[in-house]
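Q: Got a minute to go through a model with me? I'd like to start with surface exposure and then get to the salt bridges and helix packing.

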Amino acid sequence: MSENPLKVFEKLDPELLEMVENTRRLALTDGALPRKFKFLIAMALDASHGTVQGVKALAQAAVQAGATKEEITEALRVAQYISGVGSVYTAAHALKELF
């Protein structure tokens, strides 16, 4: 993603933006699970919810954190198993530019 989609909140509600960013940092930093696994989980959830841009951004973040194409596709297999084939179509739209 070229620009943070929440940028509008810098003026509208900076406190809300700060809260969202703090939650993002808390959820996606290394801990018991490495960041790449957290990005893969988030990507699978976005695929399940039909969020193409989220899948794209999170797949890119996962790769930057060390995830492989194989790990990305396995995470998407889990999304398909739990949420159905729609998650595969969402992921296909998101990943066609990455791979």
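Q: E97 first: buried or exposed?
A: E97 counts as exposed, because its relative accessibility is 57% and the cut-off for exposed is over 50%. Keep in mind that this is a predicted model.

Q: What does the E97 side chain pair with?
A: E97 forms a salt bridge with K56, at 2.6 Å from N to O. K56 sits in helix α4 (residues 52-64) and E97 in the segment after α6, so the salt bridge ties together parts of the chain 41 residues apart in sequence.

Q: And K56, buried or exposed?
A: K56 is buried, at a relative accessible area of 17%. The limit for buried is under 20%.

Q: How many salt bridges does the structure hold?
A: Four. The K56 and E97 pair is one of them.

Q: Which residue does E71 bridge to?
A: K36, with the closest N and O atoms 2.9 Å apart. This pair also links distant parts of the chain, since E71 belongs to helix α5 (residues 69-83) and K36 to helix α3 (residues 35-49), with their positions 35 residues apart.

Q: How accessible are E71 and K36? What are the numbers?
A: E71 is partly exposed at 23% relative accessible area. K36 is buried at 17%.

Q: What about E21, which residue is its partner?
A: E21 forms a salt bridge with R24, and their closest N and O atoms are 3.0 Å apart. They are three residues apart in helix α2 (residues 14-28), which means about one helical turn separates them.

Q: What's the exposure of that pair?
A: E21 counts as buried at 17% relative accessibility, while R24 is partly exposed with a relative accessible area of 40%.

Q: Switching to packing. How do you describe two packed helices?
A: By the angle between their axes and the distance between the axes.

Q: OK, what are those values for α4 and α6?
A: The angle is about 60° and the axes are 8 Å apart. That makes α4 oblique to α6.

Q: What's the handedness of the crossing, left or right?
A: Right-handed, for α4 passing α6.

Q: Which residues make that contact?
A: On α4 they are V52, V55, K56 and A59, and on α6 they are T90, A91, H93, A94 and L95. By type, the contact has six nonpolar residues, two polar and one charged. K56 appears here as well as in the salt bridge with E97.

Q: Now α5 and α6. At what angle do the axes cross?
A: Roughly 150°, and the axes come within 9 Å. The two helices are therefore roughly antiparallel to each other.

Q: Which residues are in the α5 and α6 contact?
A: α5 contributes I72, L76, A79 and Q80, and α6 contributes S87, V88, A91 and L95. Six of these residues are nonpolar and two are polar, with no charged ones.

Q: Let's look at S87 then. Where does it lie?
A: S87 is in helix α6, which covers residues 86-95.

Q: Is it buried or exposed?
A: S87 counts as buried because its relative accessibility is 3%.

Q: What does S87 touch, leaving aside neighbours within four places in sequence?
A: A47, S48, A79 and Q80. Of those, A79 and Q80 are also part of the α5 side of the α5 and α6 contact. A47 falls in α3, the helix of residues 35-49.

Terms used. Residues numbered from 1 in each chain as written. Predicted model: local features only at pLDDT ≥ 70, side-chain atom pairs only at ≥ 80, totals over all residues. Heavy atoms only, no water. Helix = DSSP H or I, 4+ residues; strand = E, 2+ residues; numbered from the N terminus. Buried < 20%, exposed > 50% of the residue type's maximum accessible area, 1.4 Å probe, protein only. Contact = heavy atoms within 4.5 Å. Axes fitted to C-alpha atoms, helices over the stretch in contact; angles between N-to-C directions. Parallel < 35°, antiparallel > 145°, perpendicular 65-115°, else oblique. Left-handed = near helix turned anticlockwise from the far one by under 90°. Nonpolar A, V, L, I, M, F, W, Y, C, P; charged D, E, K, R; others polar.
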